[in-house]
Amino acid sequence: MSSHGTDLRPASAPSPIRTVLVGCGEHARVVNHAALSLIPDIEVVAVCDLDPTRARDAARQFGNCPHFTDLGALLSKTNAEAAVIIGPPHVHADIAATCLEAGLHVFVEKPLFTNLDDLARLSELAAAQPGLNISVSFNKRYAPYICRIKEILANESFGKPSYLYAKFAGGYRNGPTDLLRVGAIHYFDLARHLFGDIARVSALPYQKQAGQAHIAVNLQFASGAVGNFFLSSLGLWSAKGAEYLELRGDRNFITLDNLREFTWQKPPIAIRDSGSTHQAGIEVPAPAEYLEPNYSNISMLEYQSNHQNGYFARIEAFVADLRSGRQTGPGLGDAERALKTALAIETSMASDGAYVDLQTAATPQPALREPA
Ligand SMILES: NC(=O)c1ccc[n+]([C@@H]2O[C@H](COP(=O)([O-])OP(=O)(O)OC[C@H]3O[C@@H](n4cnc5c(N)ncnc54)[C@H](O)[C@@H]3O)[C@@H](O)[C@H]2O)c1
């Protein structure tokens with residue numbers, strides 16, 4: 001992670017990336033703008049929100065830069081290279097398209113789009129402007145303990161990843177698709193980030209009323225590993241354990257509670273012959289690895305949400321990608337796979353839990369409609 005505060009770049013360093021902020025609501029101001037303000041390689045040159053008070057308040061955080069309520073006006077009056085877009089989910093694709101057409105790189109909060117028409121539109125623009133970076137947040141990939149899990153899966157004695165359980169119990173949601181296409185989309189991306197492509201899903205809902213459901217999902221990865229998602233919009237978002245991951249390999253497993261409490265039950269040191277006819281072996285256990293954040297000396301960067309949820313590191317990676325001209329962070333293709341997982345789950349629920357294949361060329365056609 002880079003230093004912050006004083007700008008120590010040599011005189012020959014390139015000028016900061018001229019960036020505009022579009023959408024200055026709660027999440028933007030409290031999380032993303034706080035992270036951006038700590039990155040010297042970013043210069044916020046203008047901000048925009050439909051709500052003039054929010055636009056003005058956001059501008060105050062960035063040296064009272066010009067603020068707008070209309071994106072067209074901002075783009076016509078501002079010389080910028082990149083846009084950070086954090087609006088309501090259903091307008092992300094539209095705002096991103098306008099910024100791409102104006103020649104700006106875009107960093108968009110998840111979800112980048114919530115339907116296949118918007119995916120097609122952005123794919124066309126990406127093909128027409130291959131030099132522009134189209135990034136989606138998917139910040140949980142950058143959470144410190146998710147990075148630790150990636151290391152263990154790649155380099156240590158975990159063995160072949162064989163089972164993944166993910167829980168996303170994300171509070172009350174507005175519409176029937178909001179849990180899947182907006183909230184749990186994080187975990188569709190994380191599952192793929194950790195275990196590779198999902199091959200098929202089968203899902204059954206317990207729906208209390210429209211938009212408020214428990215959803216139980218069986219899944220199989222292209223690797224052959226299996227797993228389950230438990231997704232819920234029946235409240236308890238702020239409870240401990242609202243988000244949970246478990247990953248199993250050969251005689252060892254990792255659990256992660258709310259991205260903050262990490263346990264790795266390591267493979268046994270040895271397995272002794274049990275001498276029994278019904279037990280295959282007796283394990284000599286290895287010490288487990290436990291990690292949790294240190295809250296005793298909390299700087300802005302260690303502030304639990306920005307650091308522990310990976311927001312800061314995600315934006316830092318976007319800036320590094322713009323500097324290198326390569327895209328290492330999640331983008332259009334990752335957003336597409338995550339949306340298609342959500343659509344496959346919707347399709348399965350509408351057909352009484354039938355398996356939906358995510359590897360065939362045909363796109364799942366969910367029967368549920370998006371909220372207006
Ligand atoms: N990655 C995460 O963990 C995470 C967490 C929370 C929220 N989010 C995402 O952040 C986004 C914002 O969430 P929020 O709770 O702050 O919502 P919000 O409604 O408070 O903020 C959205 C803002 O966008 C503005 N806006 C709407 N249309 C606009 C337009 N065309 N041009 C300019 N401004 C426009 C609104 O006036 C509002 O101020 C959502 O898309 C959500 O999915 C992500």
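A residue is counted as near a molecule if one of its heavy atoms lies within 4 Å of that molecule. In this predicted model, 21 residues surround the ligand on that basis. His27, Asp49, Arg54, Gly87 and Tyr311 are the closest of these residues. Sorted by class, the shell around the ligand comprises 9 nonpolar, 7 polar and 5 charged residues.

Polar contacts with oxygen atoms of the ligand were examined next. A polar backbone atom of His27 lies 2.7 Å from an oxygen atom of the ligand. Two further histidines approach the ligand through their side chains: an N or O atom in the side chain of His186 is 3.2 Å from a ligand oxygen atom, and a polar side-chain atom of His92 is 3.4 Å from an oxygen atom of the ligand. The ligand, taken alone, exposes 860 Å², and 76% of that area is buried by the protein. Two or more residues of the shell around the ligand are given by helix H1 (26-36) and also by helix H4 (92-101).

A separate analysis concerned the pockets of the protein. The second largest pocket holds about 290 Å³ of space. This pocket is lined by 17 residues, of which Ser238, Ala239, Lys240, Asn258 and Arg260 are the closest to its centre. The lining of the second largest pocket contains 6 nonpolar, 4 polar and 7 charged residues.

Definitions and conventions: Residues are numbered from 1 along each chain as its sequence is written. This is a predicted model: local features need pLDDT of at least 70, side-chain atom pairs count only at pLDDT 80 or more; totals for chains, interfaces and linings use all residues. Side-chain values use heavy atoms; hydrogens and water are left out. On a 1 Å grid over the protein atoms alone, a cavity is a set of points where a 1.4 Å probe fits but cannot get out, and a pocket is an open set with protein on both sides within 12 Å along at least five of seven lines; lining residues have an atom within 4 Å of a point. Grid points are joined across faces, edges and corners, and a volume is the space filled by probe spheres set on the points. Ala, Val, Leu, Ile, Met, Phe, Trp, Tyr, Cys and Pro count as nonpolar, Asp, Glu, Lys and Arg as charged, and the others, Gly among them, as polar. A polar contact is a pair of N or O atoms within 3.5 Å; within protein, one must be able to donate a hydrogen and the other to accept it, and residues adjacent in sequence count only if both atoms are side-chain atoms. Accessible areas come from the Shrake-Rupley method with a 1.4 Å probe; for residues, only the protein chains shown count as cover. Helices (H or I, at least four residues) and strands (E, at least two) are DSSP runs, numbered from the N terminus.
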